[in-house]
Amino acid sequence: MQQPEVWLRGPVEGVPPVLMPAAHALLQSAEDLRRVTLPLTVRELWITPGGAASVGFHLRHVAGSIDRLLTYARGEGLDDRQRAALAAEGEPGDPPEEAAPLVEGAEAAIRRAVETLRSTPEGSVFEPRKVGRAGLPSTVLGLLFHLAEHTQRHTGQVIATARIVRGLGLVDASR
């Protein structure tokens with residue numbers, strides 16, 4: 001029997017009510033990413049239909065953007081490792097990375113984000129934070145909310161792109 005969407009399953013244990021919508025969005029993304037991407041072949045994962053970003057890029061970007069946004073939420077700046085990961089998000093690798101490790105990376109980042117939501121005191125959500133090299137203004141809440149909606153946005157792109165590439169009927173001899 002299929003469960004209702006995560007937001008209709010009740011509160012996520014330990015998450016403050018003000019951050020509950022972000023937790024629901026993240027957990028829904030984790031479920032959707034696994035369901036949609038694991039059946040893809042390596043070729044389907046990295047194809048860029050009509051120049052659109054590949055499913056593989058979106059999976060890497062989900063993991064990387066969560067990491068970067070959590071860094072800003074802690075009041076820190078990005079390090080060289082994070083900048084290098086950002087630059088490599090669209091590269092398939094040699095050989096091209098398969099879906100399972102990419103999904104595992106996205107799920108691990110989502111778990112870290114939900115743990116951050118659990119450990120964030122409600123009284124801290126309006127604390128100011130700076131984003132990026134320009135130090136653009138935000139708050140802890142702004143970053144955590146954006147992290148969730150940004151993940152949902154890329155999950156939607158994964159779903160749409162996966163449907164397109166599956167519809168192309170590609171044959172992948174490597175799988």
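Student: Where is G75 in this predicted model, and why is G75 called exposed?

Tutor: G75 sits in the loop between α3 and α4. Its relative accessible area is 52%, and exposed means over 50%, so G75 counts as exposed.

Student: How far is G75 from V114?

Tutor: Their C-alpha atoms are separated by 18 Å, with the two positions 39 residues apart along the chain.

Student: OK, on to H61. What makes H61 buried?

Tutor: The cut-off for buried is under 20% relative accessible area. H61 comes out at 11%, so it is buried. You'll find H61 in helix α3, which spans residues 55-73.

Student: Which residues does H61 touch, leaving out those up to four places away in sequence?

Tutor: With those left out, H61 touches I66, R68, E89, H150 and H154. H150 and H154 are also among the α6 residues in the contact between α3 and α6, and H61 is one of the α3 residues there.

Student: How do you know that α3 and α6 are roughly antiparallel?

Tutor: Look at the crossing angle. The axes of α3 and α6 (residues 140-167) cross at roughly 180° and come within 10 Å. Angles over 145 degrees count as roughly antiparallel, so that is the label for this pair. On the α3 side the contact includes V55, F57, V62, I66 and L69, while α6 brings in residues including V140, L143, L147 and V158.

Student: What kinds of residues make up the contact of α3 with α6?

Tutor: There are 14 nonpolar and nine polar residues, and no charged ones.

Student: Now L19. Why is L19 called buried?

Tutor: Its relative accessibility is 1%, and the cut-off is under 20%, so L19 counts as buried. L19 isn't in a helix, by the way: it lies in the segment before α1 (20-37).

Student: What does L19 touch, not counting residues up to four places away in sequence?

Tutor: The list is L117, T120, V125, L141 and L144. There's also a C-alpha separation of 9.9 Å between L19 and A148, although these two are 129 residues apart along the chain.

Student: And E31, why does E31 get the label partly exposed?

Tutor: E31 has a relative accessible area of 36%. Buried would need under 20% and exposed over 50%, with partly exposed in between, so E31 is partly exposed. E31 is in helix α1. Leaving out residues up to four places away in sequence, E31 touches V6 and R9. The C-alpha atoms of E31 and E5 are 9.5 Å apart, with 26 residues separating them along the chain.

Student: What makes A99 buried?

Tutor: A99 has a relative accessible area of 6%; buried means under 20%, so A99 qualifies. A99 belongs to helix α5, and, neighbours within four places in sequence aside, it is in contact with T37, L38 and L45. From A99 to A113, 14 residues along, the C-alpha separation is 21 Å.

Student: Which peptide bond is cis, and what is its omega?

Tutor: That's the bond from D94 to P95, with omega near 5°. P95 lies in the loop between α4 (80-87) and α5 (99-119).

Student: Zooming out, how many helices and strands does the chain have?

Tutor: Six helices and two strands. Reading from the N terminus, the order is α-α-α-α-α-β-β-α.

Student: What makes the chain as compact as a globular protein of that length?

Tutor: Compare two numbers. The radius of gyration is 17 Å, and the globule rule gives 16 Å for 175 residues; these are close, so the chain is as compact as a globular protein of that length. As for overall dimensions, the C-alpha atoms fill a box of roughly 55 × 45 × 25 Å along the principal axes.

Student: What share of the 175 residues counts as buried, and what share of the contacts comes from residues 24 or more positions apart?

Tutor: Buried residues make up 44% of the chain. Of the contacts with a separation of 6 or more, 73% are between residues 24 or more positions apart.

Student: And what about the surface: how much area does the chain expose?

Tutor: About 9,400 Å², with carbon and sulfur atoms supplying 58% of it.

Conventions. Residues numbered from 1 in each chain as written. Predicted model: local features only at pLDDT ≥ 70, side-chain atom pairs only at ≥ 80, totals over all residues. Heavy atoms only, no water. Helix = DSSP H or I, 4+ residues; strand = E, 2+ residues; numbered from the N terminus. Buried < 20%, exposed > 50% of the residue type's maximum accessible area, 1.4 Å probe, protein only. Contact = heavy atoms within 4.5 Å. Axes fitted to C-alpha atoms, helices over the stretch in contact; angles between N-to-C directions. Parallel < 35°, antiparallel > 145°, perpendicular 65-115°, else oblique. Nonpolar A, V, L, I, M, F, W, Y, C, P; charged D, E, K, R; others polar. Rg over C-alpha atoms; globule rule 2.2 N^0.38 Å. Areas by Shrake-Rupley, 256 points an atom, 1.4 Å probe, with all protein chains shown as cover.
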